[in-house]
Amino acid sequence: MAETFGMEIFASNKRFFSGRARSLAIPAADGERVFLAHHSNMVCAIIPGEMRFEDESGQKTVVAVSSGFVEMINNRVKVFCFSVERPEEIDIRRAQEAKERAEEQLRQKQSIQEYHMNQMALARAMTRLRVTKKQEL
């Protein structure tokens, strides 16, 4: 039997998951971070992207996440994000429109703050589309 750790995943509006897990992979600024049982204690920022985890029964789940953070303390992980979405919850047409809108905004002259906000919007839309495409395969 594989070793597990306690895991809770929270979105701003709900508890997404609570239970035991074998692994967790999150998108971080310096690449992907993977957590396994007995990982050292740490706190890490999450950037918009694809998060994957495997629960104690071996079921693998892929979701789109927004920015947030993860903490691993005493073999327990807590993930806090603004949004956590399963592929089937994502409106593909709306995500495509958001991507196009963000790309158009990035082509226009804007302040540094507006530029970064539009970059984040584009990253979120592209992640949502990427996660839905993986579900179709």
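**Close-up views of strand pairing and buried residues**

**View 1. Strand 6 and its pairing with strand 9.** Strand 6 and strand 9 (residues 84-85) are joined by 2 bridges and run antiparallel. This pairing, like every feature in these legends, is read from a predicted model. Within the pair, V65 has V84 of strand 9 as its bridge partner. Strand 6 itself covers residues 60-65, and it holds both T61 and V63, whose surroundings are taken up in later views.

**View 2. The hairpin of strand 5 and strand 6.** Strand 6 also runs antiparallel to strand 5, to which it is joined by 6 bridges. Strand 5 spans residues 49-55, and its residue R52 stands opposite V62 in strand 6. The two strands form a hairpin with 4 residues between them, and in this hairpin G58 takes a positive phi near 95°.

**View 3. The surroundings of V63 in strand 6.** Is V63, a residue of strand 6, buried or exposed? V63 counts as buried because its relative accessibility is 0%, a value under the 20% limit that defines a buried residue. When the neighbours within four places in sequence are set aside, the contacts of V63 include G49, E50 and M51, together with V84, E85 and R86. Of these, V84 and E85 belong to strand 9 (residues 84-85), whereas G49, E50 and M51 fall in strand 5 (residues 49-55). The list of contacts also takes in F16 and V131. As a further marker of distance, the C-alpha atom of V63 is separated by 10.0 Å from that of I90, a residue 27 places away along the chain.

**View 4. The surroundings of T61 in strand 6.** T61 is placed in strand 6 and counts as buried, since its relative accessibility of 9% is under 20%. With neighbours within four places in sequence left aside, T61 is in contact with M51, R52, F53 and R86. M51 and R86 also appear among the contacts of V63. In a regular strand, side chains alternate between the two faces of the sheet.

**View 5. Strand 2 and its three partner strands.** Strand 2 (residues 14-28) is joined by 7 bridges to strand 1 (residues 5-11), and the two run antiparallel. These two strands make a hairpin in which 2 residues lie between them. Strand 2 pairs as well with strand 3 (residues 31-36), in the antiparallel sense and over 6 bridges, and here too the strands form a hairpin with 2 residues between them. In that pair, L24 has F35 of strand 3 as its bridge partner. A further antiparallel pairing, over 4 bridges, links strand 2 to strand 5, where S23 stands opposite E54.

**View 6. The surroundings of F5 in strand 1.** F5 lies in strand 1, and its bridge partner in strand 2 is A21. With a relative accessible area of 0%, F5 is buried. Which residues are in contact with F5 once neighbours within four places in sequence are left aside? They are G19, R20, A21, R22, S23 and L24, then F35, L36 and A37, and finally M72, N75 and V77. This list therefore contains L24 and F35, which are themselves bridge partners between strand 2 and strand 3. It also contains S23, the residue that stands opposite E54 in strand 5. The C-alpha atoms of F5 and H38 are 7.4 Å apart in space, although the two residues are 33 apart in sequence.

**View 7. The whole chain as the setting for the close-ups.** The chain has 2 helices and 9 strands, which follow one another along the sequence in the pattern β-β-β-β-β-β-β-β-β-α-α. Its radius of gyration is 16 Å, which agrees with the value near 14 Å that a compact globule of 137 residues would have. Along the principal axes, the C-alpha atoms fill a box of roughly 55 × 30 × 25 Å. Of the 137 residues, 39% count as buried, and the accessible surface comes to about 8,200 Å², with 51% of it belonging to carbon and sulfur atoms. Among contacts between residues at least 6 apart in sequence, 52% join residues at least 24 apart. The chain carries 21 positive and 19 negative charges, and the mean positions of the two sets are 1 Å apart.

Terms used:
Residues are numbered from 1 along each chain as its sequence is written. This is a predicted model: local features need pLDDT of at least 70, side-chain atom pairs count only at pLDDT 80 or more; totals for chains, interfaces and linings use all residues. Side-chain values use heavy atoms; hydrogens and water are left out. The radius of gyration is taken over C-alpha atoms; the globule rule is 2.2 Å times the number of residues to the power 0.38. Buried means under 20% relative accessible area, exposed over 50%, partly exposed in between (1.4 Å probe, protein chains only). Contact means heavy atoms within 4.5 Å. Accessible areas come from the Shrake-Rupley method with a 1.4 Å probe; for residues, only the protein chains shown count as cover. Lys and Arg count as positive and Asp and Glu as negative; His and the chain ends are not counted. The place of a charge is taken as NZ of Lys, CZ of Arg, CG of Asp or CD of Glu. Two strands pair if DSSP finds at least two bridges between them.
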